[in-house]
Amino acid sequence: MYHIMKKILKMSLFLTFLAFWGVGNPAVAANAHRIVIDPAHGGADGGVKITEKINEKDLTLAIARVLYAELSREANIKVLLTRNEDKEVSAEKRREIINDHKPDFLISIHVNRGFAKNASGFELYYPGFGRDEKGGRKALQDLKPEKVKHINEAVRMAQLIQRNLDSIFPRQGRGLREADMPVFEGLSAPALVIEIGFASNPDERKKLLSEKTQVEIAQALSKSVKSFYR
Ligand SMILES: [Zn+2]
């Protein structure tokens, strides 16, 4: 019994590993676009508390897993999750996983919280222009061409996401901003952090907890990524 269990455990670990690295689809092209999906928080780092038992970390993982499954079906996309279980991943480890994968795009998923109960909708952030020696925001002409390209791509993806999420959060796109997020540090790829819905808003909390909405959010993101690479 023990031996069999061990075998099963080994097998399931192997399968988890396969799933984690997104090689489940043998048809994935060698030159496929590499997408890293980062379900924020995990383990002891729960993020925003949503209910007594559910935290932001659970929702980000639920959405990320569906998004992963959706994108894994695409032959021109190779997809990776920074975590596929409820475990804490430090900011350094996260950056290591992301950079090791040399992503063509990083999407990090969070759930928002506001001070006001009526705050609602979704927000998108892309890596900023960076700071110059005096601590001011770098000017566009001082950016390397590659950085400008990454920002342009992030903006283009953000526009697709805004359009596709609008059916779930009608007219509640709260815009696209640049921000120095820890997950962006040292990253050389287009990237977005998406803060989906407000756990502090009772209506949105209810929505976010619904499995149906989680799937719809993931599908809206997957649709955006697919049209980006079409
Ligand atoms: Zn968060």
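Biologist: What makes up the secondary structure of the protein?

Modeller: In this predicted model, the protein has 6 helices and 6 strands. Read from the N terminus, the elements follow the order α-β-α-β-α-β-β-α-β-β-α-α.

Biologist: How do you know what confidence the protein has on average?

Modeller: pLDDT runs from 0 to 100, and the protein averages 89. A score of at least 70 is reached by 88% of the residues.

Biologist: What is the pLDDT over residues 2–11, and how many contacts does this stretch have beyond near neighbours in sequence?

Modeller: The pLDDT there is below 50, and the stretch has 0 such contacts in the model. Where pLDDT is low, predicted coordinates should not be read in detail.

Biologist: What makes a residue buried, and what share of the protein is buried?

Modeller: The cut-off is 20 or more other C-beta atoms within 10 Å of the residue's own. Buried residues are 36% of the 230 in the protein.

Biologist: Which residues touch the most other members of the largest nonpolar core?

Modeller: Ile35, Ile37, Ile107, Leu192 and Ile194 do, in a core of 50 residues. Elements that each supply at least two residues include β1 (33–39), β3 (105–112) and β6 (191–198). The most comes from α2, with 8 residues.

Biologist: Why is Leu192 said to touch Ile107?

Modeller: Contact requires C-beta atoms within 7 Å, and Ile107 is among the residues that Leu192 touches, so the pair is in contact by that cut-off. Leu192 also touches residues including Leu124, Tyr126, Ala154 and Met157.

Methods
Residues are numbered from 1 along each chain as its sequence is written. This is a predicted model: local features need pLDDT of at least 70, side-chain atom pairs count only at pLDDT 80 or more; totals for chains, interfaces and linings use all residues. pLDDT is the predictor's confidence in each residue, from 0 to 100. Two residues are in contact if their C-beta atoms, placed from the backbone, lie within 7 Å. Helices (H or I, at least four residues) and strands (E, at least two) are DSSP runs, numbered from the N terminus. A residue is buried if 20 or more other C-beta atoms lie within 10 Å of its own, exposed if 12 or fewer, and partly exposed in between; C-beta atoms are placed from the backbone. A nonpolar core is a set of buried Ala, Val, Leu, Ile, Met, Phe, Trp, Tyr and Cys residues joined through C-beta atoms within 7 Å. Lists of a residue's contacts leave out its neighbours within four places in sequence.
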